[in-house]
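Student: I have a structure open and would like to understand the words people use for it. Could we go through some of them together?

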Amino acid sequence: MTDVFSNHWKDLLETLLNRGAGAGADLVEVFLERTNHVGVLAEQDQITSVNPSFAKGAGLRVFRGGRDGFVSTNDLTQDGLTRALDQALAMLGLEVNSLSSSDDRFNGLDSLIDHGVTKNDWLSRCPTLVSASQRLLEGTNELERIGQHLQVRRGSYSRDWQEVLVAASDGTFARDIRLHQSTGLSVLAADGDHRSSVGRRYGSTDRPDDLLQWNVQTSAAEVCESAGTMLRADYVDAGQMPVVLANRFGGVIFHEACGHLLETTQIERGTTPFADQVGSLIAHPSVTAVDEGLSGGAFGSLSMDDEGMEPQRTVLIKDGILQRFISDRAGELRTGHQRTGSGRRQSHAFAAASRMRNTFIAAGPHKPKDLLASVDRGLYCKAMGGGSVGPTGQFNFSVEEGYLIENGELTKPVKGATLIGDAKEVMPRISMCADDLELAAGFCGSVSGSIFVTVGQPHIKVDSITVGGR
Amino acid sequence: MATNNGLNASALRDSLQKLATREGISSWDLGAACSDDCSVQVDRGEAKQLKASQRSSITVRVWNKDGLVGITSTTDLSDAGLEQALVGAHEASRFGNPDDIPHFSPLAKAPLPELNRPLQERRGILPLLETLREAEADLLSRHPSIQTVPYNGLAESLSQSLYLNSDGALREMERTQASLYLYARAEEAGRKPRSGGALRVGLGSAGLDIAGCIDEAVDRTVSHLAYQPIETGTYNVCFTPEAFLSLIGAFSSIFNARSVLDGVSLSKRESIGETLAVPFLSLHDDGLHPGHISAAPFDGEGTPTKNLCLINRGILKSFLHSEATARAFDVQPTGHAGLGAKVSVGPDWFVLGTSEGCSSGNTLDQSNEKDTFVLIEDLSALHAGVKATQGSFSLPFDGWLVKGGERISVEAATVAGDIRTVLNSILHLESNCEVTHRGISPHVWVEGLSITGEA
């Protein structure tokens, strides 16, 4: 079979889908994937690692009743795919019977919807290893030029190219090419016993020349300023306090505290407190939140999801009222929430699941200074680290760069803060949203692996939250 | 190169050698792995998802005529895939770092340690499903507040890995492994939901301690139903073995020679011989320990695995090494390397305890202590709350406030501190060590850590 995913695969895929439907499956889906990845690392003034990798494989999923069986394989031959399909069928107690027919379960694939047709040259338009390396060294050189007390300077570049072909027994037949690139600078500053480590990462999708457009000077200045500020910062005093979260990556609070709980996988598990809350007030009326896959160049944008569906703009919360959930094929089947083009997976080795794309709190009417002015004593979180949410809705995330707010003004920098809380309790406490919405690229790890996402928000104020520290 | 029965080492070597000769490459090595896995998940008696996978991958590393190293990985083990990998690695070698050129490990052909890990028969997906259904039903029947087990899974796998190089080294290993996790959610009227879980690993699914896993999951869930907020303050803390080992693991760059050379470790080249912890603490990395289910006899460079003393009597004794870092420190590789253009180094399995002939002088016992302390059962979000380059941590935890011997489950709270201070503030290591999936440790008592609560 040809290495390029195209109409040439149609006959084989139809044979497989017919085989699965004939065995009694309600739905059979085949996900084919080829990837071409390269990672480059610059440390100090050297390129220290270049890691190319290639992969190909298939994920075959069979539904029967509310259950599904999933098999992944690196073997894309007809024998290999057939063996994988038969294994998936057997998991559900289905056997291939040469006398049976697929009845009306499979009526052939639709015409190929080729979202990748204009993207075939993307890989060749990406920066060469030489130009990527040069850009990273420009970055570490700029860090050296403007930074102080820098013990470690690093620049990294990652390019993930992926070609996918999705075929399902409901007729779905679609192809896409995805391109995600990310670039980051990080430093470790040290002076005596004082240390600070700061990193910033920038990412885009579908923009082959993005690395060449990267503003090295701006990125390096941002990293150096933050590292210098945090080098001698005191540890934050712990306790309950109001918090103002900066825009861009501050949006991780909504991602962790609420976004995951609006995925239908959480309804299936019984781990979201919002399962029966559609139409109810679950957040402060100042909060409107959106998940979409459409913003141009954003890390979580898609031409189609990993189940072949085109993405939508999904309003999750409007004026504090829950509107709908993020859903995939299995989510629709098991919870009744309509698909939103959100079936996503890290690779063919994972079954797709309902996952976030570009998720953000919408802009509000205030200015950022209004939020700060409303706080007598609290914490301003300028840069956020990672976070997570547990099966009871308890979330946490770390603050990379924080400042005390005293009498409505930013005063001294503080470090070591971790924000923890309960989703149901914190959402009504987001009382003010500013007018400066911005998005930031990130990665999200969950049931279907690590995927590219965007978080975002304007500056927001949370009236009270637990700040862990010393 | 990969068959339904696994990797064919001699075929891989012959193909690589032929391709390398054609490309004018005289030195190369290769790491390969393949696995055949299956797993099940259930939801209130119904099969939720049944999964299987057959995976294979190789990583090829080549030295070009200037001695620089390049690397490429692929999942395509066909002749075309191997060729693509070798050519890709050769191209990448143009960017090899002349200041840090890895060599073959000098121990890549040394005798390997004996590992007594007999392969276990795999039962297949439907028996796994039945076992997990029964385990879930048992767990759900234990307490009325437990209504779901939202995260659960039973898996078994057969995996094979090999290392070979153009100097004639050939390492092969095969192992079976199984795991069971049960993570329950409990809720009582008017109270916040609570969750807790347990994990068991074994060589095969038939030998898993399923009853123990259920008991532990129930205990970890139900015992936290009657929670209370804790007052923010400084407390003496007792870490369970699992919690303390997870903290040590998050700061393992202290022992990592690669991190030392890169300037991102709290240790320096000259730190060997310095005091790192209280004088009665001992820490080994023992990848060969019988309790280590995932033990492998060699690392990514073919170096044999060994038991390595990291700390004895509180003194830092050695670092974890790859071939390149060992050469930089003028020692032997320790069997902790990956395979890469820049070779990574990582810990294997920790064994923490009291140094021979030493005692803390304390007799603290978390099951009998009457003074107030916090018992930390599980630390969360280590990926976000640990600043390994700075030594600091601020982490959510599950645990208890213990007052006068009475245990009160702690509502949402965090513990914060500095790992160097923690290692030097250990009050006592209890006598009973527990085997966990991270290693072996007793309960560890630490003086004066900052706890933030919601009271």
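Student: How do you know how many salt bridges join domain 1 of chain B and domain 2 of chain B?

Tutor: This is a predicted model, and the count between these two domains of chain B is 0 salt bridges. A pair would need a side-chain nitrogen of Lys or Arg within 4 Å of a carboxyl oxygen of Asp or Glu, so the count of 0 says that no pair between the two domains meets that rule.

Student: What makes up the side of domain 1 that touches domain 2, by class?

Tutor: That side of domain 1 of chain B has 10 nonpolar, 6 polar and 5 charged residues. Across the interface, 9 residue pairs are in polar contact.

Student: Which element of chain B gives the most to that side of domain 1?

Tutor: E3(B) does, with 12 residues.

Student: How do you know what area domain 1 and domain 2 of chain B bury between them?

Tutor: Buried area is the accessible area that two parts lose on being put together, summed over both. For these domains of chain B that comes to about 1,600 Å², 56% of it on carbon and sulfur atoms. B:Cys38, B:Val40 and B:Val42 supply 39% of the area that domain 1 buries against domain 2.

Student: Why is helix H5 of chain B called mostly covered?

Tutor: A residue is buried when its relative accessible area is under 20%. In H5(B), residues 241-250, 8 of the 10 residues are buried, so the helix is called mostly covered. Among them are B:Phe244, B:Leu245 and B:Glu242.

Terms used. Residues numbered from 1 in each chain as written. Chains lettered and ligands numbered in written order. Predicted model: local features only at pLDDT ≥ 70, side-chain atom pairs only at ≥ 80, totals over all residues. Heavy atoms only, no water. Buried < 20%, exposed > 50% of the residue type's maximum accessible area, 1.4 Å probe, protein only. Helix = DSSP H or I, 4+ residues; strand = E, 2+ residues; numbered from the N terminus. Buried area = accessible area lost by both parts, 1.4 Å probe. Polar contact = N/O pair within 3.5 Å; in protein donor to acceptor, adjacent residues only side chain to side chain. Nonpolar A, V, L, I, M, F, W, Y, C, P; charged D, E, K, R; others polar.
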